[in-house]
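User: I have a model open on my screen and would like to talk through a few of its features. Could you take my questions one by one?

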Amino acid sequence: MTARRRTPRTTALRFAAVALTLLLAGCAAPASSVTAGPTIADAWVRPPMGPGQPAAGYMTITAPSGSADALVGASSPVAAAVEIHETSAGADGMMGMHPVERVELPSGSPVALEPGGYHLMLMDLTGDLKAGDTIELVLEFENAGEVTVRAAIREE
Amino acid sequence: MSVPTAGPEDEAARLDGAFRIVVVLALGLLVLTAIRLVAGGDPPLQAEALPNTAPTTGQTRSPTPAPIDVEAYLDTEVRAAPDIELTGPAGPLSLAAMRGRPVLVFFGYTHCPDVCPATIGTVGLAIDAYARDAEAVFVSVDPERDTPDWLAEFVRFMPPGFRAVSGTPTEIRATADAWGVRYARVETDQPGVYTMAHTADVFVVDRGGTLRARFPFGTDAATMTAVLAAIEDLPPAEASAAPNASPPTEAPTTALSPVLVSSSVWSGGGSPVIFRLDTEEPTAPIEAVLLGTDGVAVGDPVPVVAVRPEGVAEVSYVATLDIPAPGAWRVELRSAAGVGVVDLTALDPGGTAALGEPAPAAPTATAADVGSLTWLTTDPLPDPRLYGTTPADALAAGQPFVFVADSYRFKVTQQCGQAIVMAKQLLDRWTGVPFIHHEPLRYSVVTTEPVLEGTLEDPRLTDVATAWGVGDGGDDMKSMPWIFVVDRHGTVRAKYYGVIGSADVDVILTQLADEDRTALRPVQDGPLAPVAAPRSAARVWE
């Protein structure tokens with residue numbers, strides 16, 4: 001880099017560039033995001049069915065247009081561990097549940113984590129989850145990194 | 001949206017290009033931001049403001065609900081509901097004793113975080129909306145963990161009108177069988193931690209005790225309520241239940257009450273069928289006869305072998321049956337103590353390696369052959385024991401072996417990867433038996449990543465997978481995972497597909513060990529053995 005003499009004009013340029021950066025950051029919005037983070041809608045957690053039982057977390061995740069991503073992990077301050085699971089039906093009609101490494105998020109298409117499909121399993125809860133409260137979920141995306149959302153505790 | 005354009009020519013001349021663009025953009029964004037703020041504020045930053053995604057009640061379903069097709073949920077063949085006589089927190093519970101009220105019945109387990117709580121919630125809403133006297137019975141398929149004491153805790157978390165019942169493994173299996181409910185224990189990758197795969201239908205029993213309707217998983221509460229209301233005025237089932245309720249030729253079935261345990265029964269030769277008997281361990285020999293649904297015997301009686309895996313309390317009974325065709329069959333068990341009949345459905349095994357026939361000789365590679373496990377498995381945490389032996393090695397050594405055709409990464413069905421998990425669990429228990437995992441789909445390794453040849457919709461099978469008939473399970477290339485159990489003589493003795501219960505493989509391996517009268521036994525109280533088993537030094541086959 002060659003050193004450039006700082007003229008009023010370059011100073012103004014720098015200022016404008018900084019302002020632009022700040023504005024771009026400030027404009028990041030779920031619907032028309034200019035940053036590359038997936039948007040999360042309607043995150044909720046069903047309270048566990050009894051002491052020591054896991055709780056299931058659901059939401060809809062949409063990767064931004066032109067930027068596919070994948071959910072690769074999750075954590076929460078209220079659970080010792082959070083796993084991504086999928087419920088599926090076998091050929092014989094039995095429904096089973098198994099952990100998955102990742103949930104693919106195609107560019108621009110909403111992916112639902114919902115009962116009977118993908119869900120987060122919050123294990124070894126550290127406190128009571130009461131309907132009406134909210135908890136924090138930290139979602140880890142392959143490209144976008146960590147995104148923190150609040151999830152409502154509710155039954156349905 | 002009006003965005004300021006470039007200023008007058010003389011002013012533009014004093015700005016270099018970059019500066020001008022930046023200023024234009026900045027001004028434009030300022031305008032946009034101002035508009036947003038005026039129009040109700042900018043949505044908060046996700047990472048900063050932790051948006052509380054408020055509940056949208058009623059889920060994100062279609063805003064205009066379609067009319068409910070009640071008929072679609074009604075049973076076409078109406079019959080009396082099979083009774084449930086099990087134990088709840090408050091003692092014995094009988095479904096027959098609940099006559100006079102409609103009852104919703106479903107099967108599940110309390111350690112189930114997704115399907116069961118969702119069903120409980122929906123059924124609770126339906127009962128609430130019905131606003132009359134309906135009740136619900138939750139039947140546990142997990143007697144090991146769902147003891148009556150535990151259910152007492154559980155019911156406190158259920159809506160009003162719910163009862164939860166459990167029983168002995170045999171009682172529960174018999175109850176589920178009568179309702180046409182299937183379930184199987186499925187291992188997880190944590191030793192000793194398991195889940196239950198199970199039929200998730202909700203059954204509707206009317207006030208007169210007639211089984212009227214069933215709801216598949218995901219049916220909404222409004223539909224359930226509508227069906228509850230619609231069955232109020234239907235005539236009782238006695239008339240229609242009568243014709244098929246009197247097979248006069250049946251011998252008394254009091255002595256043996258067999259229930260089916262096998263997670264897959266195949267048409268073709270030599271399918272092992274695993275039963276439990278609702279009696280004390282009978283000392284008299286038992287034999288099994290295959291019957292058509294008309295009650296006519298097909299083939300000769302075969303001996304039934306009693307098998308009790310190490311550390312497992314219940315005795316299983318195995319009959320190896322030649323079943324001529326897929327579909328509905330009956331098996332009659334006979335002993336000096338009496339007889340018993342059980343219904344079963346045989347599945348079409350397609351072109352998979354035939355039971356009772358020699359196992360395919362196609363050579364598999366081992367870790368020693370290729371140097372890196374990445375070429376042998378897409379499992380990110382591979383267990384080296386799954387890649388140390390070939391079928392040929394096992395046969396040369398006179399060992400039975402288990403062949404697992406499954407892919408962790410390339411999931412052509414949702415069950416893919418689970419057979420590998422189960423094999424890892426059983427390995428700890430059966431250290432004398434080689435478990436051989438094979439990736440059935442061709443892939444290459446680019447740096448360290450497995451890359452599929454073809455697509456998930458149109459994959460390419462390996463020669464080994466083709467030899468075993470994997471991917472030829474009837475319909476298409478997507479039949480996976482498979483587990484094959486081969487005896488020391490190289491004969492395929494059992495095979496399982498899809499959701500595979502670990503107890504099946506455990507029973508078959510125990511049977512093979514018993515047959516050869518070897519000292520081979522599971523060496524530890526692994527995930528299948530809640531009762532501590534003595535650690536045996538003799539782990540080798542022979």
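User: How many bridges join β22(B) to β23(B)?
Analyst: Happy to help, and please keep in mind that this is a predicted model. The two strands β22(B) and β23(B) run antiparallel. One facing pair places B:Ile483 opposite B:Tyr496 in β23(B). The number of bridges joining β22(B) to β23(B) is five.

User: Which strands are at the edges of the open sheet in chain B?
Analyst: The sheet is built from four strands with mixed pairing, in the order β19-β18-β22-β23 (chain B). An edge strand here pairs on one side only. The edge strands of chain B are therefore, by the pairing that counts from two bridges up, the ones at the ends of that order: β19 (435–438) and β23.

User: By what angle are neighbouring strands of this sheet turned against each other on average?
Analyst: The order to follow is β19-β18-β22-β23 in chain B. Ignoring direction, the average turn between neighbours in this sheet is 15°.

User: Which helix of chain B lies across β18, β19, β22 and β23?
Analyst: Two helices are worth looking at here. Helix α11 (residues 418–429) of chain B packs on the sheet by touching β18 (401–405), β19 and β22, and its direction makes about 160° with that of β19(B). The helix lying across β18, β19, β22 and β23 of chain B runs at about 175° to β23(B), and is α13 (residues 502–515).

User: Is B:Asp487 buried or exposed?
Analyst: B:Asp487 is found in the loop between β22 (482–486) and β23 (492–497) of chain B. Leaving aside neighbours within four places in sequence, its contacts include B:Leu395, B:Arg493 and B:Leu512. Its relative accessibility is 6%, and because the limit is under 20%, B:Asp487 counts as buried.

User: Which backbone nitrogen does the side chain of B:Asp487 reach?
Analyst: The distance to look for is 2.9 Å. At that separation, the side chain of B:Asp487 reaches the backbone nitrogen of B:His489.

User: How many of the 16 residues of α4(B) are buried?
Analyst: Helix α4 (residues 115–130) of chain B should span 22 Å at 1.5 Å a residue, and its end C-alpha atoms are 22 Å apart, which agrees. Just after α4(B), B:Ala131 takes a positive phi of about 60°. The helix is largely enclosed by the rest of the structure, because the number of its residues that are buried is 13.

User: What average pLDDT does chain B have?
Analyst: In chain B, 77% of the residues score at least 70. The average pLDDT of chain B is 78.

Technical notes:
Residues numbered from 1 in each chain as written. Chains lettered and ligands numbered in written order. Predicted model: local features only at pLDDT ≥ 70, side-chain atom pairs only at ≥ 80, totals over all residues. Heavy atoms only, no water. Buried < 20%, exposed > 50% of the residue type's maximum accessible area, 1.4 Å probe, protein only. Polar contact = N/O pair within 3.5 Å; in protein donor to acceptor, adjacent residues only side chain to side chain. Contact = heavy atoms within 4.5 Å. Axes fitted to C-alpha atoms, helices over the stretch in contact; angles between N-to-C directions. Expected span 1.5 Å × (residues − 1). pLDDT = per-residue confidence, 0-100.
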